[in-house]
Amino acid sequence: MKERVQKFGRFLSGMVMPNIGAFIAWGFIAALFIEKGWLPNARIATMVDPMLNYLLPLLIGYTGGRMIADQKGAVAGAIATLGVIVGAGIPMFIGAMIMGPLAGFCIKKFDEAMEGHVPAGFEMLVNNFSVGILGGILSILAMFVIGPACQVLTGALGAGVGFLVDHGLLPLTAILVEPAKVLFLNNAINHGVFTPIGAQQAEELGKSILFMIESNPGPGLGLLLAYCVAGKGSSRSSAAGAAFIQFVGGIHELYFPYVLMNPILILGPMAGNFVGILVLSILGGGLVGAASPGSIIAELLMSPPSAVLPNIIGIAAACGVSFIVTVTLMKLFVREAEGDFEAAQAAMAASKAASKGQNIDVTAGVYVDPKDVKKIVFACDAGMGSSAMGATMLRNKLKGAGITDITVVHAPVSEVPKDCQIIVTHHELSARAANDNPGVRIIPIKNFMGAPEYDALVTEMVEGRGAAGAQSAASVSADASEKVQKGEILLKKENIKLGCKPVAPEQAIRDCGRMMVEAGIVQEGYIEGMIERNKSFPVAIGNHVAIPHGTNEARKYIIKNGLVCMTYPDGIAWDEDTVKLVIGNAVKDGGDHVDVLGAVAEAADTEEATDILVSSGNVDKIYKTLNGLE
């Protein structure tokens, strides 16, 4: 049931989102030039009503038809929407949301029925007449049936809102509005209900509080600030930037993942909006037009002079209450698990894509012809450890299959080269990769070490490109001996510690970091960066291997490139994995560490291989193996 509501909400939102610019233009002109605006101008103000009554509904109907049946559906949707506009005589956003998709659906069904039955050369004639005739019929239906029905519905909704206003119950709308935002029903409710009713109030009173019920940035800001104080890992580190963009840029979708991660926290924005509406009602706040997007800048721009201070107080009250309630709930009920935020972002990305008419499936990606593949990127959170090993493994597999013209590189998920065709990344990061790189195929994996997807991808490339049969792969570190002579080996014998007793993962990271400090590789501050990295994205990468390394911010503590190695023959329980080989990694510049990580990938390509290496208990053996000298 919830999925159906979400899908319906995203569809309605998808009709409004592409036309937000038009809402901004209307609100901007209304705020400045109506009689009670900041710069009254009677002539310019004559555009306000036509934009509200005709332009905006027609754009919504056009977009709704296009979502169903492309350009033909769009034109038919606009024609049908005009009928509901004329038939109602009031702003018809709801009618446009009905007639646009209905016209697109009729055109789509007509085209399906006529497929294969149109004589050659008559396609354009049939297309144009079908749009004109069906659009005309639907516009007449809308004028005499849908329009009046929508007018009655809007009147009932207006009466309901009026009842809430008259009885001091308007703040109760927050109970519906905040959950509706997260379900992507916000634009449908805001521009379908509040905007037309608010426009009527604004004509009479010069402002309307209804314009602020959904657009108030205070509730979302309070929730994000709460994460800045009481959040953990990546959710906490990302909340400050999200708060700034949400408040100043009006992108409310930024706080949706934080709610999806812990649904009980929706009570924070609900309480905040409740109090915000109450304060606005008492102080006489309101806007002269819809604030799109719902940023503090748009709110102030749409505020009449007399309501600026009340609106600021109402937004601040909503923010403060949302913050206090959210922090309290987080302290009492929330036990944030690693990966929850990434999972919430994945759900958010899919929902947002759907609301824009896109169909991004991050579990399958998009198809790319193997002949067109020139660059494959392995992406992880920092781009230093697990992705480097995965890139090396795939590079060697491709080379062994005779494919040498595909570049395989590694990078942080936030810095993926734009010229790549395929991104391989951890499944918890796949949504971020898909959202930032539209049109690029995403291959999500759960284990950077020996993932089955590697062999499947190599087979696909071989079959699709007609590559030659397998060749013997060159050593991942063919010049390792030369590096020994030059003293450039990053993993030195004195930095290998064998037979360590099992400890907790955090202690293992601290011990590893301490070795790096004593070896002169990093400063003390890097250790906390390693702990933070593991909290936000586990560094155990499978096959009994973990590669602790610092966050990007911790790189300032790196003195020189270097690695250390610790073995735990009895194993460490590390999240859902068992770790026996720990490779501490610090990279200030250059890519020499890839040689060692590539050798690790080769030597630890299975759990059994890692176990054999660890159980050898021989420093020389591990030194030579991990440096690619054997």
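**Exercise 1. Determine which residues of helix α15 are buried.**

Solution. Buried means under 20% relative accessible area, exposed over 50% and partly exposed in between, with a 1.4 Å probe and protein chains only. By this criterion P310, N311, G314, I315, A317, A318, C319, S322, T326, V327, L329 and M330 are buried in α15. This is a predicted model, in which local features need pLDDT of at least 70 and side-chain atom pairs count only at pLDDT 80 or more, while totals for chains, interfaces and linings use all residues. Residues are numbered from 1 along each chain as its sequence is written, and side-chain values use heavy atoms, with hydrogens and water left out.

**Exercise 2. Check the span of α15 against its number of residues.**

Solution. The expected span is 1.5 Å times one less than the number of residues. For the 25 residues of α15 this gives 36 Å, and the end C-alpha atoms are 37 Å apart, which agrees.

**Exercise 3. Classify K331 and place it in a surface patch.**

Solution. K331 belongs to helix α15 and counts as exposed because its relative accessibility is 57%. On the surface, K331 gathers with K232, R236 and K535 in a patch of positive charge; patch residues have over 30% relative accessible area and no salt bridge, like charges being joined within 9 Å and nonpolar side chains (Val, Leu, Ile, Met, Phe, Trp, Tyr) within 5 Å. A salt bridge is a side-chain nitrogen of Lys or Arg within 4 Å of a carboxyl oxygen of Asp or Glu.

**Exercise 4. Identify the element that gives the most to the nonpolar patch.**

Solution. The patch, of about 870 Å², is made by residues including F163, F274 and I313. Two or more residues come from each of α13 (267–283) and α15 (308–332), and α13 gives the most, with four.

Methods. Areas by Shrake-Rupley, 256 points an atom, 1.4 Å probe, with all protein chains shown as cover. Lys, Arg positive; Asp, Glu negative; His and termini not counted. Charge placed at Lys NZ, Arg CZ, Asp CG, Glu CD.
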